Amino acid sequence: MIAIDLGSNTLRVLEYDCKSERATAVYEKIVKTADMLESTGVIHHEAVDRVIYAIHEAKTKIDFDGQPVQAVTTEAIRRAKNADAVLERIAAETGIVFEVISGEDEASLTLLAVDERLRKLHYASQRFVLIDIGGGSTEVVFRYPKGIFSKSFPIGIVTIAQKYQTLKKIKVALQEEMLAIQMFVAEIYATEGEADSLVATAGTPTTVAAMKLGQTYATYDAARINGTTLEREELGYYLNRLLSLPLEEREEMVGTGRSDLIAAGILIFEHLYEITGFERCIVVDDGLREGIALAWCRSHS
């Protein structure tokens, strides 16, 4: 089957074999769906062009013929005033019909994928907090033995970077922007007890982990990323290292047009360490698209 996640920054496609329970092909492309959304309230037609181009490109690399396709989209489309028109155009030009899912469903599917990856890594914690820092939203999910508690917040690397423009302004603004997350975490800790560990997924954590492992955007290897530990103090080091590079080297390291977004993401990531009270986290590459595939396979087994 084919699982597609159209995020606020990236289109991620996965071909998954339900029988062997493994990925047989992957594709992803930066499409910046949420570009200018913060200032205009709509998805720009050039962003839609990029999404359509990326889907066509994905079809040249992965054989869609005869395979069921599950395609979902998240915060950028949830928020956009022209969401219906955008999805209608994408469907007309690519044949792919996207479902707009809620932040709660997004968190649930992401947790499904992360849980499965942690099981394969023999990671034993049953009381962890998962953070998923996306382009337009951040999901915070508590996984406890007696229940799962999650919430989606409209804070993402694309929207924050475009709203505040500079890292200095972002740093000042995050205290207020992330107050709702802080209150949610405090409420869960007060009622359910503190988590044992912190797990992080999505582009910012995986990119920092890749930098730590000496990988570039072109040599990125998800298998090596999974299970990588990141110390809180390392975030400042890799942010400074990224900012010290000439633009060409920066883009080689983290991807074309991503360096400003990853820098903003690192500031958000750092603040999440502070809010959750952890000094280290485990990074997992698996996310929403893998969760879509797992959920589909399990419901059709």
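A crossing of two helices is called left-handed if the near helix is turned anticlockwise from the far one by less than a right angle, and right-handed if clockwise. Everything here comes from a predicted model, where local features need pLDDT of at least 70, side-chain atom pairs count only at pLDDT 80 or more, and totals for chains, interfaces and linings use all residues. Residues are numbered from 1 along each chain as its sequence is written, and side-chain values use heavy atoms, with hydrogens and water left out.

**View 1. Helices α6 and α7 cross right-handed.** Helices here are DSSP runs of H or I with at least four residues, strands are runs of E with at least two, and both are numbered from the N terminus. The axes of α6 (residues 157-164) and α7 (residues 167-177) come within 10 Å and cross at roughly 120°. Axes are lines fitted to C-alpha atoms, for helices over the stretch in contact, and angles between N-to-C directions run from 0 to 180 degrees. That crossing makes α6 oblique to α7; oblique is what remains once under 35 degrees is called roughly parallel, over 145 roughly antiparallel and 65 to 115 roughly perpendicular. On the α6 side, I160, A161, K163 and Y164 meet K169, I170, A173 and E177 of α7, contact being heavy atoms within 4.5 Å.

**View 2. Five strands make an open sheet.** Their order is β3-β2-β1-β4-β5, and the pairing is mixed. Two strands count as paired if DSSP finds at least two bridges between them. At the edges stand β3 (22-30) and β5 (99-100), each with a single partner strand, so one side of each has no neighbour in the sheet. Zoom in on β1 (residues 2-6) and β2 (residues 10-17): they run antiparallel, joined by five bridges. D5, for instance, has R12 in β2 as its bridge partner.

**View 3. Helix α14 lies across four of the strands, β1, β2, β3 and β4.** This helix spans residues 288-299 and runs at about 35° to β2.

**View 4. A disulfide joins C18 to C297.** The S to S distance is 1.9 Å, inside the 2.5 Å allowed between cysteine sulfur atoms for a disulfide. By that rule, the count comes to one. The link is left-handed, with -70° about the S-S bond. C18 sits in the loop between β2 and β3 and C297 in helix α14, so the pair ties together parts 279 residues apart in sequence. C18 is partly exposed at 28% relative accessibility, while C297 is buried at 10% (buried is under 20% relative accessible area, exposed over 50%, partly exposed in between, with a 1.4 Å probe and protein chains only).
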